[in-house]
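This report goes through one structure, from single residues to packed helices and paired strands. Please keep the sequence and the model at hand while reading.

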Amino acid sequence: MDYILVGIIALLGSGLTFFSGFGLGTLLMPVFALFFPIDIAIALTAIVHLLNNLFKLTLIGKKANIKTVLRFGIPAILFAFLGAYLLGTLTDIKPLYIYSIADNVYQITVVKICIATLLIFFSLFDLIPRLKRLEIDTKFLPLGGALSGFFGGLSGHQGALRTAFLIRARLSKEAFIATGVTIACLIDISRITIYAKDLWQLRNDLNYTMLTTATLMAFIGAYFGNKFLKKITINTIQIIVGILLIVFSILLGIGIL
């Protein structure tokens, strides 16, 4: 039953988030956390996330806009280190509110509210017709990369901000997804190198059968997501992204994510 649950979440998560560019880790980590301590759950999620992005890279990576990857990705990686550094400083700031549901404790923090507010703002550009026609000038891509990387390093939530900027960057639907996947791979590789020591120490505790199951099911989800890509329009992707951004930001703002 454990493997079935993890496999289904990995399959659906990978397929549904193929178009949005974010969300697989958000869905998968809590499921892993049902069966393992949080450090092992994070490690398993990071591995599946990286392997799935590498697989998606083989499916659609050649469509990536390299100029956008460099202009967005390099600031993202650099500012991720800055965000991670500041994380240690901001951990002393007390949560604004703490509450519990079914023995689970949730915290509303300043950082999460800031990210949630940004995401709701960007989601409006994908859902309101008049705002949909507005495009982000490519000169702002480094700023988007810096924000995405900074908040990613600070709280781990960088995928949604990355998508919010890239969806407005005048890319085709194929280039949008491929560019996001390429940037995600770069960030995944950089964070895995940081996790490497912990992963090595946890190597005897990792459930390799469950890890393999989740990875293979995520591959299948990505494969079928790529098949459906030919049948949808960039407008459909914008709507999917906008809705998911709002849902994600609300859950983040109230401390559930």
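A residue is called buried when its relative accessible area is under 20%, exposed when it is over 50%, and partly exposed in between (1.4 Å probe, protein chains only). The model is a predicted one, in which local features need pLDDT of at least 70 and side-chain atom pairs count only at pLDDT 80 or more, while totals for chains, interfaces and linings use all residues. Residues are numbered from 1 along each chain as its sequence is written, and side-chain values use heavy atoms, with hydrogens and water left out.

**Confidence**

The predictor's confidence in each residue is given as pLDDT, from 0 to 100. Its mean over the chain is 82, and 92% of the residues reach 70 or more. Helices (H or I, at least four residues) and strands (E, at least two) are DSSP runs, numbered from the N terminus. Of the elements of the chain, helix 10 (residues 208-229) has the highest mean pLDDT, 90, and helix 6 (residues 129-132) the lowest, 70. Where pLDDT is low, the predicted coordinates should not be read in detail.

**Single residues**

Three residues can be compared by place and accessibility.

| Residue | Element | Relative accessibility | Class |
|---|---|---|---|
| Lys56 | helix 3 (residues 38-60) | 5% | buried |
| Tyr85 | helix 4 (residues 66-90) | 63% | exposed |
| Ala218 | helix 10 | 0% | buried |

Contact here means heavy atoms within 4.5 Å. Leaving out residues up to four places away in sequence, Lys56 touches Phe18, Gly61, Val181 and Ala222. With neighbours within four places set aside, Ala218 is in contact with Ala10, Leu11, Ser14, Val48 and Asn52. Between the C-alpha atoms of Ala218 and Leu119 there are 26 Å, and the two residues are 99 apart along the chain. Tyr85 and Val6 are 79 residues apart in sequence, and their C-alpha atoms are 32 Å apart.

**Helices**

Which residues of helix 8 are buried? They are Gly159, Ala160, Leu161, Arg162, Thr163, Ala164, Phe165 and Leu166. Because eight of the eight residues of helix 8 (residues 159-166) are buried, this helix is largely enclosed by the rest of the structure.

Two packed helices are described by the angle between their axes and the distance between the axes. Axes are lines fitted to C-alpha atoms, for helices over the stretch in contact, and angles run from 0 to 180 degrees between N-to-C directions. Helix 1 (residues 2-16) packs against helix 2 (residues 24-33) at about 170°, with the axes 9 Å apart. The two helices are therefore roughly antiparallel (over 145 degrees; under 35 is roughly parallel, 65 to 115 roughly perpendicular, the rest oblique). Helix 1 contributes Leu5, Val6, Ile9, Ala10, Gly13 and Ser14 to the contact, and helix 2 contributes Leu24, Leu27, Leu28, Val31 and Phe32.

**Strands**

Two strands pair if DSSP finds at least two bridges between them. Strand 1 (residues 97-101) and strand 2 (residues 104-108) run antiparallel and are joined by five bridges. Opposite Tyr97 stands Ile108 of strand 2, and opposite Ser100 stands Val105 of strand 2. Their hairpin has two residues between the strands, and Ala102 takes a positive phi near 55° there.
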